[in-house]
Amino acid sequence: MQVLTKQPTTKGPAEVFTGDVWFDVVARGEEPSRVRVNTVRFAPCARTAWHSHAVGQTLYVTEGVGYVQARGGEVVVMRPGDVIYTPPGEEHWHGAAPDHFMTHIAIWEAPADGPEVTWGTHVTDAEYNRR
């Protein structure tokens, strides 16, 4: 058994997030595990850019109200207890509703080689407000 040192909370970079987003690394597996787990907190209207995960991603909402959308799909409202899965390579975004904070636990794996996440363009206000 090993008690891991808690890493400091990190502000989400403006290159891939709109608004105020903060995350805490919960787990960053070393070989043979490649699991990644972060707690991510979004201020109202804050959101990720469009992105995809090489090995997929699971989101577990713990508080607040948020939105998630796959490219070409409808905007889906997320609430505490909701579990959202995006398969490998599916472009999507997620973030908080305009009048609520939202926190989720993000779970994904790193591939054996290549990038974990492929980032795209920022989600425009028109895309965000399309509900």
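Let me begin with the sheet: six strands form an open sheet in the order 1-3-4-12-7-10, and the pairing is antiparallel. Strand 1, residues 10–11, and strand 10 stand at its edges, and since each has a single partner strand, one side of each is left without a neighbour in the sheet. I should say at once that this is a predicted model, and everything that follows should be heard in that light.

Within the sheet, strand 3, residues 21–28, pairs with strand 4, residues 35–42, in the antiparallel sense over seven bridges, and to give one position in that register, aspartate 24 stands opposite threonine 39 in strand 4.

Let me turn to the aromatic residues, where the count comes to three aromatic pairs. In one of them, the rings of tyrosine 67 and tyrosine 128 have centres 5.6 Å apart and planes at 55°, so this pair is tilted. The pair links distant parts of the chain, with tyrosine 67 in strand 8, residues 66–70, and tyrosine 128 in helix 1, residues 125–128, which are 61 residues apart. Are these two tyrosines buried or exposed? Tyrosine 67 has a relative accessibility of 7% and tyrosine 128 one of 2%, and because buried means under 20%, both tyrosine 67 and tyrosine 128 count as buried.

Tyrosine 128 also forms a tilted aromatic pair with tryptophan 93, at 5.8 Å centre to centre and 45° between the planes. Tryptophan 93 lies in strand 11, residues 92–96, and tyrosine 128 in helix 1, so that this pair ties together parts 35 residues apart in sequence. Tryptophan 93 is buried, as is tyrosine 128, and Tyr67, Trp93 and Tyr128 form one aromatic cluster. What lies over the face of tyrosine 128? That is arginine 47, at 4.4 Å from the ring centre; elsewhere, arginine 71 lies over the face of tryptophan 50, at 3.8 Å from the ring centre.

Finally, two prolines in loops. Proline 80 sits in the loop between strand 9, residues 76–78, and strand 10, residues 83–86, and with a relative accessible area of 49% it is partly exposed. Leaving aside residues up to four places away in sequence, proline 80 touches Val61, Thr62, Glu63 and Gly64, and its C-alpha atom is separated by 4.8 Å from that of valine 61, 19 residues apart along the chain. Proline 115, in the loop between strand 12, residues 102–109, and strand 13, residues 117–119, is exposed, with a relative accessible area of 54%. Proline 115 and valine 55, 60 residues apart in sequence, are 9.9 Å apart from C-alpha to C-alpha.

Note on methods: Residues numbered from 1 in each chain as written. Predicted model: local features only at pLDDT ≥ 70, side-chain atom pairs only at ≥ 80, totals over all residues. Heavy atoms only, no water. Helix = DSSP H or I, 4+ residues; strand = E, 2+ residues; numbered from the N terminus. Buried < 20%, exposed > 50% of the residue type's maximum accessible area, 1.4 Å probe, protein only. Contact = heavy atoms within 4.5 Å. Pairing = 2+ DSSP bridges. Phe/Tyr/Trp six-rings, centres within 6.5 Å; stacked < 30°, edge-to-face > 60°. Lys NZ or Arg CZ within 6 Å of the ring centre and 35° of its normal.
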